[in-house]
Amino acid sequence: MADLALITGITGQDGSYLTELLLGKGYTVHGIVRRTSTLSRSRLKHLFDNPAIYGRQLFLHYADLDDATTLRRILAKVRPQEIYHLAGQSHVGLSFEIPESTCEMTATATLRLLEIIRDLPGSPRCYHASSSEVFGNPAQVPQDEETPFNPASPYGCAKAFATQMVRVYRQAFGLFACNGITYNHESPRRGENFVSRKICRAAAAIKLGLEKELVLGDLTAQRDWGDARDYVRGMWLTLQHGTPEDFVFATGQFHSVQDIVSAAFAEVGLNPESYIRQDCRFLRPAEPHRLVGNPAKAKRLLGWEASTTFDALIREMTLAELTALAR
Ligand code: G4F
């Protein structure tokens, strides 16, 4: 029987790359999508437009994460062997504005899904997209799978709850449920309101004379930035491992927002100082510090390693923006 996977959040950056990875491995892929008034599925358009894939190897189902009845019905019908739970409100800054719905979509929805999986026959394997934000302001640098949670945002709290619930359901009910604790991961498909894409897009737009300035928040903020395609490979490897375990996926290296600015503007041959303006609108009420991951366990047990350098990633993203905007 062909491998069968179900992805929540299939239309996002990670969902789209994971879909391509699984289809390439011969999987049949089912995705859960929210009904929206616009068709915001550009990341998967090339697959929907391919009649050899869409409706044959790739299927979509409408459901909201707060609709347990529909989720239960879809999972019972599809009977996936692997479930990748990637959906949720993923913007940390926004979670300070909409904390309740962030907790509903990120924390409670994960618990809801675990409850449904608990009742499913066939014990599907489940990957939960956890986040470095669970560590918030961590007591240790770098962080690993044993580092205590200390979230600094509503989003981080919601992810900490969901991550711990995955652990509880694994221990209490024997589910093959795993957390991938991923650090920031970027690509040309990153959403435009995340800082890496925002900067690369602005550098390209300013170069082409389409925009005049780039308005940012904290330029000194540091993160461990990697390539999203490496991280979806980690998701798949997590569910192929013999035992259900949690893994940290990270590069192990810090870079600042200013480093992204410098790399992107260097790529288009401009001096960023002439174009950058800081605005407190983009500052967050609280900012995590010293978030950098130790991926040693993933390397040892899964053979996983980050394959792209920070500079190569920002270069690729900036060139992709130049190409898209020039079109
Ligand atoms: O790109 P960001 O919005 O990513 P953030 O908040 O670190 O969260 C991302 O990574 C997490 C870890 O994997 C995920 F859990 C989460 O879902 C998401 O994918 O911001 C990065 C840094 C922050 O310190 C922010 O304050 O950039 C700083 N920043 C400075 N100016 C800005 C801006 N961030 C945004 N989005 N926009 C700005 O203008």
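Arg79 is found in the loop between helix H3 (68–78) and strand S4 (82–85). In this predicted model, Arg79 has a positive phi of about 50° although it is not a glycine. The points below take up backbone geometry, strand S6 and its partners, aromatic rings, and a few single residues.

**Backbone geometry**

- Most residues other than glycine have a negative phi, and most peptide bonds are trans.
- Arg79 departs from that pattern with its positive phi of about 50°, and at 48% relative accessibility Arg79 counts as partly exposed, because the partly exposed class runs between 20% and 50%.
- Arg290 is another residue other than glycine with a positive phi, in this case near 60°.
- Arg290 lies in the loop between strand S13 (276–278) and H10, and its relative accessibility of 45% makes Arg290 partly exposed.
- Val141 and Pro142 are joined by a cis peptide bond, with omega at about -5°.
- The proline of that bond, Pro142, is found in the loop between S5 and H6.

**Strand S6 and its partners**

- Strand S6 spans residues 177–182, and six of its six residues are buried.
- The cover extends to both faces of S6: Ala177, Asn179 and Ile181 are buried on one side, and Cys178, Gly180 and Thr182 are buried on the other.
- S6 pairs with strand S5 (residues 125–131) in the parallel sense, over six bridges.
- Within the pairing of S5 and S6, Cys126 stands opposite Ala177 in S6.
- S5 and S6 also belong, together with helix H6 (residues 154–173), to a right-handed β-α-β unit.
- S6 pairs with S11 as well, again in the parallel sense, over three bridges.
- In the pairing of S6 with S11, Gly180 stands opposite Phe247 in S11.

**Aromatic rings**

- A pair of aromatic rings is described by the distance of the centres and the angle of the planes.
- Counting ring centres that lie within 6.5 Å, the model has nine aromatic pairs.
- One of them is Phe249 with Trp304, at 5.0 Å centre to centre and 70° between the planes; this pair is edge-to-face because planes over 60 degrees apart are classed that way.
- The pair of Phe249 and Trp304 links distant parts of the chain, 55 residues apart: Phe249 is in strand S11 (residues 247–249), and Trp304 is in the loop between helix H10 (296–302) and helix H11 (310–326).
- Both partners are buried: Phe249 has 0% relative accessibility, and Trp304 has a relative accessible area of 1%.
- Phe249 and Trp304 form one aromatic cluster with Tyr231 and Phe247.
- Phe247, a member of this cluster, is the residue that Gly180 of S6 stands opposite.

**Arginines over rings**

- Arg118 lies over the face of Phe173, at 3.8 Å from the ring centre.
- Arg190 lies over the face of Phe194, at 3.9 Å from the ring centre.

**His61 in strand S3**

- His61 lies in strand S3 (residues 58–62).
- With a relative accessible area of 16%, His61 is buried, because the limit for that class is under 20%.
- Leaving aside its neighbours within four places in sequence, His61 is in contact with His30, Gly31, Ile32, Val33, Ile74 and Val78.

**Residues distant in sequence**

- Glu100 is found in helix H5 (residues 99–119) and is exposed, with a relative accessible area of 71%.
- Glu100 and Tyr155 are 55 residues apart along the chain, and their C-alpha atoms are separated by 9.8 Å.
- Leu208 is found in the loop between helix H7 (195–207) and strand S8 (214–216), and at 38% relative accessibility Leu208 counts as partly exposed.
- Leu208 and Ala326 are 118 residues apart along the chain, with their C-alpha atoms separated by 7.6 Å.
- Ala326 is also among the contacts of Leu208 when neighbours within four places in sequence are left aside, along with Leu322 and Leu325.

Technical notes. Residues are numbered from 1 along each chain as its sequence is written. This is a predicted model: local features need pLDDT of at least 70, side-chain atom pairs count only at pLDDT 80 or more; totals for chains, interfaces and linings use all residues. Side-chain values use heavy atoms; hydrogens and water are left out. Rings of Phe, Tyr and Trp (its six-membered ring) pair if their centres lie within 6.5 Å; planes under 30 degrees apart count as stacked, over 60 as edge-to-face and the rest as tilted. Helices (H or I, at least four residues) and strands (E, at least two) are DSSP runs, numbered from the N terminus. Buried means under 20% relative accessible area, exposed over 50%, partly exposed in between (1.4 Å probe, protein chains only). A charge sits over a ring if NZ of Lys or CZ of Arg is within 6 Å of the ring centre and within 35 degrees of the ring normal. Contact means heavy atoms within 4.5 Å. Two strands pair if DSSP finds at least two bridges between them. A crossover is right-handed if, with the strands pointing away from the viewer, the path from the first strand over the helix to the second runs clockwise.
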